[in-house]
Amino acid sequence: MTERYKNSEAFLDRALKVIPLASQTFSKSKTALPFGVSPYFVDRAKGSRMWDIDGNEYIDFVNGLACVTLGYCDPDVDAAVRQQMDSGVTFSLPHRLETEVAELLVEMIPCAEQVRFAKNGTDATSGAIRVARAFTGRSRVAVCGYHGWQDWFIGTTARDLGVPPAVKELTQAFAYNDIGSLERLLASYPDEFAAVILEPMNSTYPRDGFLEKVQAATHQHGALLVFDETITGFRYTTGGAQQEFNVTPDLATFGKGIANGYPLSALVGKTEYMKVVEDIFFSGTFGGETLSLAAAKAVLLKLRREPVLQTLQLRGQKIIDGVNQLVASLAMAHVVGISGHPSWSFLAFKAAEGFSAVEIKTLFIQEVFKRGIYSLGTHNLSYAHSDADIDRLLACYQEVFGLIAQSVSDGTLRTLLECEPLAPLFKVR
Ligand SMILES: Cc1ncc(COP(=O)(O)O)c(C=O)c1O
């Protein structure tokens, strides 16, 4: 038992008896958190701070896997939810909020002419694929990035257990910024692809007109282009990555930050395609649940009223610049680098001097957690992160990167680990 995490470790034993992996979300489970140096359960969070069940305080850079964009317990969102709660949650008829939030999305997102709501990002991406298959009368899907847990996507990953071969056969992956990989895929099955779905960006910026070329190749093939903006939406710009990069897809999916942690996702797109939703089956008991819609309305209005995303951009750029300076001053570019958008940036650890990337990342996690920074290597910023929070992060990195650089070069890294290194996780991006 580890003194700092003793309540977490004891509760983990209890939870594991009744919950596989003791978590509803793979990336929040013990699979992602090295045992002995990690918390496993949260008590509460407010603004940019999170407290685990041992009372340890962290500045949280994970933010509910990037669904919290304004900060925990945002007062505007909380007030809107409390007000809605007084008149009910889920009803026997659609509520006005469905239309009001749909209208806001249509105003804000370039490709959005019509909208349908659901709960998880996976619901929206799966809805998009159903629409594309129904519209085109075709079955194949080309994917690039992560799109959720359903058969049609997860069958392309190493976590494909339980997905029938017949389903797996219909989805193939192409590589980001490699237009040739998509063109070859489309050419191998003429007229068979219903959809090309991709994260318009995750860790790397699109190069050489990649998104425009994807759009052209997709349309030439007769398929629909779907941007999965589950993370980029309401994080990059108020109209998503499609607005930032000026490429308008046929359909797009949103989730995560749309409601600052309340469960809501949206499938949006041009009416021509969205009309198909009247004929397919895309429907759920909780699609019109109003606490999340009230939260979304408060989020969207705040995004328009206040410099939320400009602030994320500014603070995030400070992280990228700070990390780059640190890496240069410690001459450790062969060990770690940083990439991605300021609002959602990624540290990438590399195998170096006989140490695996996973061993180095495990030491990173152990040491930042100790210092009250909650990050697994990404910086999912929220509006609640203050400039002082970023200074604290960079001061922590100065110590931890120094430790990593030193122990990699003198060969002592393994002796600093107070835990087993993480098992390599299945990679989706
Ligand atoms: C780009 C992207 N698409 C889809 C999903 C699936 O969303 P959810 O986990 O809400 O089903 C995620 C979740 O991480 C995601 O990042």
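Here are some friendly notes on the two sheets and the ligand site of this predicted model.

1. A word on ground rules. The model is predicted, with local features needing pLDDT of at least 70 and side-chain atom pairs counting only at pLDDT 80 or more, while totals for chains, interfaces and linings use all residues. Residues are numbered from 1 along each chain as its sequence is written, and side-chain values use heavy atoms, leaving out hydrogens and water.

2. Let us begin with the seven-stranded sheet. It is open and mixed in its pairing, with the order β4-β10-β9-β8-β7-β5-β6. Its edge strands, β4 (114-118) and β6 (171-173), each pair on one side only. From one strand to the next, the twist averages 20 degrees. Strands here are DSSP runs of E with at least two residues, helices are runs of H or I with at least four, and both are numbered from the N terminus; two strands pair if DSSP finds at least two bridges between them.

3. At one edge, β4 runs antiparallel to β10 (residues 265-269), with five bridges joining the two. In this pairing A118 faces S265 of β10. Helix α4 (residues 96-108) packs on the sheet and touches β4 and β10, its direction making about 125 degrees with that of β4. Helix α8 (residues 179-188) also packs on the sheet, touching β5 (140-144), β6 and β7 (193-198), and its direction makes about 165 degrees with that of β7. Contact means heavy atoms within 4.5 Å; axes are lines fitted to C-alpha atoms, for helices over the stretch in contact, and angles run from 0 to 180 degrees between N-to-C directions.

4. The other sheet is worth a look too. It is open, has four strands in the order β1-β2-β3-β13, and is mixed in its pairing. Because β1 and β13 (373-374) stand at the edges with a single partner strand each, one side of each has no neighbour in the sheet.

5. Within that sheet, β1 (residues 42-46) and β2 (residues 49-52) pair antiparallel over four bridges. V42 is opposite D52, and K46 is opposite R49. The two strands form a hairpin with two residues between them, and G47 in the turn has a positive phi of about 60 degrees.

6. Finally, the ligand. Residues around it include N120, T122, H147, E199, D228 and R429, where near means a heavy atom within 4 Å. Polar contacts are pairs of N or O atoms within 3.5 Å. A backbone N or O atom of G121 lies 2.8 Å from a ligand oxygen atom, and a polar side-chain atom of K256 lies 3.0 Å from an oxygen atom of the ligand. Taken alone, the ligand exposes 390 Å², of which the protein buries 83% (Shrake-Rupley areas, 1.4 Å probe).

Key
A polar contact is a pair of N or O atoms within 3.5 Å; within protein, one must be able to donate a hydrogen and the other to accept it, and residues adjacent in sequence count only if both atoms are side-chain atoms.
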